[in-house]
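Here is a short report on a predicted model. Please keep the sequence and the structure open while reading.

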Amino acid sequence: MRKTPALALFGAIAQGSLAAAESVPRGVGPEFIKYYKDKSTFTCITTPSVTLSFSQVNDNSCDCPDGSDEPGTAACANLDSLSPEQPLPGSSTGTTNTTNPLPGFWCANAGHIGAYVPFMYVNDGVCDYELCCDGSDEFAHVGGVQCENRCDAIGKEHRRLEQQRRESKERSAKKKQGMLKEARQLRLRVEARIASLKKEIAGLESKKLELQKKYEDVERSERNKVVKTGEKGGKLSTLVELSKKRVSELRSALDVVLDQRDDLLDRVEQLEEILTKFKEEYNPNFNDEGVKAAVKSWEDYAAAQADEKKSDLSDADIMELLKEDGETSGINWAEFENGDDSDVDAGFNWLPTPARDFVRGKVDSFRIWAMDHGIVADTRGDVGESRAVKAAREALEAVKNDITSKTSALEEEERDLTKDYGKNDIFRALKGKCISTEAGEYDYELCWIDRTTQKSKKGHGNTNMGNFVRIDTEMVDEEERADGKGLGKGMRMVLRYENGQGCWNGPQRRTDVWLACAETEELWRVTESEKCVYKMEVGTPAACEDIQEASASAKDEL
Amino acid sequence: MHLSGSLSSWTAYLGLLSALSATFAPAVAVKEHDFKKCHQSGFCARNRAFADHALAASSWESPYNILADAGSFKDGQYQGVVLKTINDAGETVRLPITISFLESGTARVTVDEEKRQKGEIELRHNSKARKERYNEAENWVIVGGLALDKAAKVEQEDKTQLTVKYGPSSKFEAVIKFSPFSIDFKRDGQSHIKFNEQGLLNVEHWRPKVDKPAEPEKEDDAADSGNEDENNEGKEDKETKEEPKKEDESTWWEESFGGNTDTKPRGPESVALDISFIGYEHVFGIPSHAGPLSLKQTRGGDGNYQEPYRMYNADVFEYILDSPMTLYGSIPFMQAHRKDSSVGVFWLNAAETWVDITKGKDAKNPMALGVKSKTSTHTHWMSESGLLDVFVFLGPTPKDLTAKFTELTGTTAMPQEFAIGYHQCRWNYISEDDVKEVDRKMDKFKMPYDVIWLDIEYSDDKKYFAWDKHSFPNPLDMHKQLDSRGRKIVTINDPHIKNVDNYPVVQELKSKGFGVLNKDGNIFEGWCWPGSSHWLDAFNPAAREWWASLFNYDKFKGTMENTFIWNDMNEPSVFNGPETTMPKDNLHHGNWEHRDVHNLNGMTFHNATYHALLSRKPGELRRPFVLTRSFFAGSQRAAAMWTGDNQADWGHLAASIPMVLSQGISGFPFSGADVGGFFGNPDKDLLTRWYQVGAFNPFFRAHAHIDARRREPYLHGEPYTTIISAALRLRYSLLPSWYTAFRHAHLDGSPIIKPMFYTHPSEEAGFALDDQFFVGTTGLLAKPVVEKDKTSVDIWIPDGEAYYDYFTYDVIPTAKGKTVTLDAPLEKIPLLMRGGHIFARRDIPRRSSALMKWDDYTLVVAASKDAKTPAEGDLYVDDGDSFDFQQGQYIHRRFVFDAAAKTLSSVDYEGRDSEAVKEGEWMKKMRSVGVDKVIIVGAPASWAGKKTVTVESEGKTWEAKMEFTPAEKGRAAFAVVRKLGVRIGADWKVVF
């Protein structure tokens with residue numbers, strides 16, 4: 001009961017809630033004063049069929065079916081959709097599941113900003129200063145609570161913070177302008193590169209045509225000579241040329257395979273290390289069939305591993321194989337190309353034995369195959385293409401290669417240009433930069449438009465929490481934080497990072513990076529909103545409103 | 001565990017391995033094989049075989065006889081000797097027997113063994129264990145009601161039997177037959193409970209081990225494997241038939257299970273007895289089991305269990321439903337019920353215990369039956385060690401049973417008031433920020449809650465009493481934010497203490513010798529959450545005192561007045577122990593073997609914590625709140641319990657109701673199941689329905705496994721958020737009535753939620769119902785929906801009273817003994833108000849129960865169908881925090897609405913002179929709290945047009961406004977009196 005004990009004792013009708021000097025009942029906000037002007041009767045605001053004596057206003061008992069007779073108490077706080085429903089004749093729904101036209105208890109907060117306090121907070125014994133700095137929500141002093149008026153201090157602090165925020169926003173917006181400028185320049189640079197690449201390519205293309213023609217001419221003029229020197233020699237030269245190309249392809253393929261193998265070996269090694277540690281550290285008495293079965297399987301696996309034969313081709317051998325061919329390594333193709341078509345038993349002595357055997361074996365079998373098919377003569381060696389033809393062809397190929405690489409560079413730049421860097425390309429300015437924060441036993445890192453990572457402080461290794469996919473915008477509604485390091489309310493950019501490392505028993509990790517305006521790039525906090533789904537709250541000038549808008553919204557708040 | 005990159009434990013390695021090689025199945029199934037079946041537990045197998053033999057024999061005579069001349073009866077107590085004949089030569093062992101008749105009308109039969117009592121036995125393996133049968137269970141369990149009934153008298157005595165009349169008006173009678181020994185407990189001349197009627201009494205006497213040449217070891221292996229085909233009943237039969245005389249000694253001296261060997265230094269020592277409930281078809285109790293309230297038969301057959309009910313407190317990970325398997329706690333109290341009669345027994349034994357239940361129309365002894373042939377229930381109780389110690393209750397009402405049982409074992413402690421609000425838990429709230437954020441969100445969505453919980457990850461690497469420095473650098477800030485809205489934090493503190501250097505707690509535990517010892521007398525080391533750990537021996541008074549000191553605010557830094565404690569894993573759970581618990585040959589304080597005290601272990605631990613919370617700061621004396629997973633009879637005096645690690649499926653939701661009801665009728669009603677289900681991810685419908693059920697659990701907590709998705713109640717979007725809010729607020733508005741129900745539980749052991757047989761002991765159709773219940777004395781009848789996609793329920797109506805829908809005041813067209821179908825779409829909790837009751841609410845939604853403290857009350861009167869029957873109800877309120885209520889600082893009102901006399905009155909429930917109570921601070925403040933409104937559902941039609949009522953209180957008379965709404969479209973007429981203007985603590989009367 002929200003009365004003074006004395007009044008309660010006599011069961012009298014309490015009028016105590018009406019402030020003596022004011023004619024506005026407690027808790028009525030400015031826009032509702034008009035409903036409370038008549039001091040003899042009160043008509044419920046949205047259920048005007050119900051008229052009460054004015055003494056029933058704020059008597060701490062809910063009489064209006066819409067709750068409007070209790071602007072200053074919590075007595076009608078159960079009239080909403082969240083409370084258990086009860087019949088309520090006269091309300092719009094006939095039940096307590098209805099809407100109170102009053103938004104809450106009006107707290108004037110003189111010296112600060114007036115605000116509506118939810119009715120359920122009124123007279124609950126808690127000073128809700130963040131809403132009601134004047135303490136008027138606890139006028140009944142239930143349980144002895146005394147809420148002093150703190151509006152002076154709170155208002156002052158609020159204004160100070162507002163000022164700070166405004167200034168900060170301005171600075172941030174300036175920074176944003178800088179970022180935008182940088183982004184524009186970066187874009188221009190890309191565009192310039194594209195233009196220059198296109199130009200180069202065009203030049204190369206015409207050069208290519210030229211060389212093509214030149215090559216064909218030279219070849220035509222040389223063909224007779226070649227024919228004279230013998231068909232077989234010509235075939236061999238062609239074959240050598242083909243073989244050289246083929247070997248080069250195989251070499252690069254081997255290179256790739258080798259890299260892949262190394263990656264896999266690393267992973268196997270890591271896994272084996274984990275499992276070895278697991279086997280060492282697990283408690284053999286552990287009463288868990290799963291663990292026991294896992295250890296047993298590991299033991300079997302490890303035992304089988306020991307029996308397996310090692311490949312007789314060592315890494316060093318492979319490295320040798322991968323060296324470019326030339327006079328000192330691999331096959332000296334020049335020997336074959338020079339027209340000195342003797343049957344060279346290419347001296348592979350520089351190779352380590354296994355590799356030598358390997359290469360020799362290959363070369364030998366190739367030669368035999370070639371002879372069998374009449375491609376290579378058994379005895380004599382005659383010349384393939386002439387030096388002139390060769391030079392022309394090589395020149396042409398060099399240009400072709402150049403075109404290929406330039407074209408792919410161009411494609412990459414063009415792709416980059418169409419990539420989503422946000423409005424006005426702003427994130428271009430942050431590309432390649434990372435920010436991090438620590439939370440618990442981890443460091444978390446956000447690399448802009450790249451990936452998010454969780455790094456264990458205890459040395460358990462890094463975990464990819466997702467790779468950048470796209471930028472969305474979403475609504476957010478959170479309380480302002482005193483330090484300003486929060487998402488606040490409104491539409492916010494969300495950078496989606498997806499397809500990170502898979503979770504045990506779960507999906508691949510992903511991270512939603514929520515952005516809010518701040519003066520500098522800062523990773524405020526990281527939470528795991530659900531298993532393997534992370535939320536990063538990040539401040540950056542990139543998320544700031546532009547200056548004009550910023551000052552406009554600041555006005556709105558006041 | 002923090003964010004998911006933290007695959008730090010072995011589970012991570014395991015996960016990686018399973019990803020690597022899919023050669024073994026993922027181990028997520030129920031680990032039934034980790035726990036013993038009867039045939040794997042030596043004494044259970046022996047006693048079952050003994051029973052098979054006895055019941056199959058054409059003429060079986062129990063080898064136990066009372067030595068007629070050795071007995072004497074004095075002051076309500078018979079003391080004598082039972083002789084057990086142990087061989088054909090007629091050799092006997094002496095078993096001292098005491099039969100006590102207590103003032104409460106309860107009888108107690110205690111059988112000991114003289115040789116062990118006198119220590120005239122030899123232990124093997126140089127064991128330091130005590131030689132006696134464990135005789136201290138009563139020190140832990142029994143707190144009163146042991147006064148002997150001096151009025152009990154011998155009615156008849158001769159060489160063959162002794163008859164004692166006892167109990168209220170000497171209506172009870174015990175006929176003690178000497179040869180063979182049996183006892184027939186009668187009420188009003190009729191047999192109700194018989195001991196050893198089937199001749200299954202078995203006290204395994206001490207004998208030295210005689211090493212025989214070439215003893216077959218096969219049986220041992222079978223028991224060891226755990227994966228052996230369980231269908232061995234044929235085998236048992238064969239054995240008993242082949243060698244009926246020779247006992248199977250294979251499990252006498254050593255037993256292995258799951259790679260652990262029990263050395264059994266005292267040899268076989270089980271006690272067993274058959275207890276028959278004559279003419280009773282239903283037996284209830286012996287929680288905790290995930291099965292129906294009315295216990296099933298356990299000897300096979302259609303719909304029956306194959307295994308006896310087991311009580312051996314264990315960490316049963318992902319437990320299965322509809323099973324007699326043991327769970328986390330046990331109360332060996334069983335009641336039998338038939339139309340208009342309840343009787344029961346309490347088997348006071350803390351060792352591993354199994355109970356077989358069979359029901360049959362034919363009694364072996366036709367004399368035992370009353371006039372007509374009825375179904376009787378035969379139970380066979382088997383415990384591994386200790387005394388045979390049984391209390392017998394002869395009712396006749398279910399209420400008498402719980403009252404007499406809790407007179408012995410104690411009643412529910414008056415809880416901290418916040419503890420009956422809503423608890424928000426998760427394994428784990430990972431940081432202070434996380435906690436604060438959840439706290440803010442609950443407010444933002446206007447959902448009331450009282451407590452947020454911190455599971456093991458708050459601790460510094462599972463070193464309890466120390467906070468994780470990274471995630472919880474300033475725990476007091478967090479506590480203060482919560483405290484500002486009257487909210488609390490519960491932290492988990494388990495009995496395993498991390499065995500690691502530079503951890504002062506374990507260093508002290510070791511240096512002071514407060515740990516449980518292994519069989520060799522060295523500190524026991526096992527494995528639990530922290531890895532290698534030691535266990536507090538809470539049987540040791542000095543250890544308890546030390547434990548209490550750890551909770552002082554200046555010792556457990558980062559805690560304050562709003563910190564309370566959760567005791568988990570106190571079965572105890574030992575990951576590498578047999579059946580995930582301690583080896584039975586471990587030693588506790590006083591050199592008692594763990595086998596003797598196992599089921600008490602959890603209770604000693606939470607008792608220690610309870611006492612710790614009583615003394616955290618000099619001069620502070622507030623009610624503790626402790627949640628325990630493991631429990632025993634008596635745990636209700638100190639703790640609340642939850643039903644352990646359930647799963648997020650509809651089956652577990654449905655199972656939670658009978659489980660909580662079973663707790664209620666077994667003296668430990670402060671119970672609930674994890675809302676949402678611990679393991680897995682509930683879909684939104686399931687979670688919503690679970691909140692609707694949880695709002696009717698005496699203990700109301702949502703909890704989730706660390707791998708489960710976040711599921712705080714505000715996360716689910718509409719319509720779920722609104723529906724869940726309504727369930728939370730329903731609970732909060734009814735808190736005054738829930739608290740009143742706790743008061744009754746505290747006074748007389750009443751359940752908080754009551755099954756039909758309890759409230760309507762004459763209505764046979766309701767005896768087996770365990771999915772609907774009444775709340776306290778409110779007359780609120782709930783039947784929550786526990787099935788997927790179900791949008792209606794059938795409620796069985798036990799009587800001819802009026803029933804109104806709680807939310808609409810609709811008059812439900814009911815008839816006694818009939819079911820009525822109610823619509824129950826997702827947003828609806830089927831909840832009826834029974835005519836003839838009055839209950840109290842607080843209708844203003846607040847953020848926590850603490851913030852409702854000074855709100856006015858709403859009284860709801862559900863008028864009886866018959867105008868001559870008054871509606872009655874009561875309201876108990878105290879400060880919800882201190883022990884001042886023990887000094888009379890409480891308000892307990894009785895409300896009576898007399899439609900005929902047109903009055904509603906409030907008087908002191910106990911007839912105290914309210915002026916005589918000297919008001920303390922809280923009572924003075926309560927002078928400002930009154931009755932805001934009275935709602936009379938089913939108001940007389942004659943009130944139409946009435947606008948005012950007269951109110952009298954404290955020597956004054958005034959008028960209050962009344963609004964009458966006539967009946968329409970199935971809705972009852974109802975009247976609302978607003979602004980009564982009376983104090984809740986005062987006498988008052990309203991005249992209509």
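The report below goes from whole chains to sheets, and then to single strands and one loop residue.

## The two chains

The model is predicted, not experimental. The table sets out values for each chain.

| Chain | Helices and strands | Buried residues | Contacts 24 or more positions apart, of those with a separation of 6 or more | Exposed area | Share from carbon and sulfur |
|---|---|---|---|---|---|
| Chain A | 9 helices, 12 strands | 43% of 558 residues | 50% | about 29600 Å² | 52% |
| Chain B | 19 helices, 53 strands | 66% of 992 residues | 72% | about 33000 Å² | 50% |

Chain B carries 19 helices and 53 strands. Its radius of gyration is 29 Å, close to the 30 Å given by the globule rule for 992 residues, so chain B is as compact as a globular protein of that length. The C-alpha trace of chain B spans about 95 × 70 × 55 Å along its principal axes.

Charge in chain B comes from 120 positive and 141 negative groups. The mean positions of these two sets lie 6 Å apart.

## An open parallel sheet in chain B

Strands of a sheet pair through backbone hydrogen bonds, either parallel or antiparallel. Chain B offers both kinds of pairing.

Take the parallel case. An open sheet of 8 strands in chain B runs in the order β35-β34-β33-β30-β26-β23-β22-β36. Which strands stand at its edges? They are β35 (671–672) and β36 (700–702) of chain B. Each has a single partner strand, so one side of each is left without a neighbour in the sheet.

At one of these edges, β36(B) pairs with β22 (residues 422–424) of chain B. The two strands run parallel and share 3 bridges. Within this pairing, Q424(B) has A702(B) of β36(B) as its bridge partner.

## An open antiparallel sheet in chain B

An open sheet of 5 strands shows antiparallel pairing, in the order β37-β38-β39-β43-β41 of chain B. Here the edges belong to β37 (753–754) and β41 (803–805) of chain B. Both have a single partner strand, so each keeps one side without a neighbour in the sheet.

Inside the order, β39 (residues 780–782) and β43 (residues 831–834) of chain B are antiparallel and joined by 3 bridges. L781(B) faces L832(B) in β43(B) across this pair.

## Two strands, two kinds of cover

Look next at β15 (residues 282–285) of chain B. Are its faces buried or exposed? Both faces are covered. H282(B) and F284(B) are buried on one side, and V283(B) and G285(B) are buried on the other. Strand β15(B) is joined by 4 bridges to β17 (residues 333–338) of chain B, and the two run antiparallel. F284(B) sits opposite Q335(B) in β17(B).

Strand β50 (residues 948–953) of chain B has alternating side chains. V949(B), V951(B) and S953(B) point to one face and are buried. T948(B), T950(B) and E952(B) point to the other face and are not buried.

Which strands pair with β50(B)? One is β51 (residues 956–965) of chain B, antiparallel over 6 bridges. S953(B) has K956(B) as its bridge partner in β51(B). The hairpin of β50(B) and β51(B) leaves 2 residues between the strands, and E954(B) takes a positive phi near 50 degrees there. The other is β53 (residues 988–991) of chain B, also antiparallel, over 4 bridges. T950(B) stands opposite V991(B) in β53(B).

## A loop residue

V500(B) lies in the loop between β27 (496–498) and α10 (504–512) of chain B. How much of this residue is accessible? The relative accessible area of V500(B) is 30%, which means V500(B) is partly exposed. Leaving aside residues up to four places away in sequence, V500(B) touches K463(B) and V506(B). P669(B) is 169 residues from V500(B) in sequence. In space the C-alpha atoms of P669(B) and V500(B) are 39 Å apart.

Definitions and conventions. Residues numbered from 1 in each chain as written. Chains lettered and ligands numbered in written order. Predicted model: local features only at pLDDT ≥ 70, side-chain atom pairs only at ≥ 80, totals over all residues. Heavy atoms only, no water. Buried < 20%, exposed > 50% of the residue type's maximum accessible area, 1.4 Å probe, protein only. Pairing = 2+ DSSP bridges. Contact = heavy atoms within 4.5 Å. Rg over C-alpha atoms; globule rule 2.2 N^0.38 Å. Areas by Shrake-Rupley, 256 points an atom, 1.4 Å probe, with all protein chains shown as cover. Lys, Arg positive; Asp, Glu negative; His and termini not counted. Charge placed at Lys NZ, Arg CZ, Asp CG, Glu CD.
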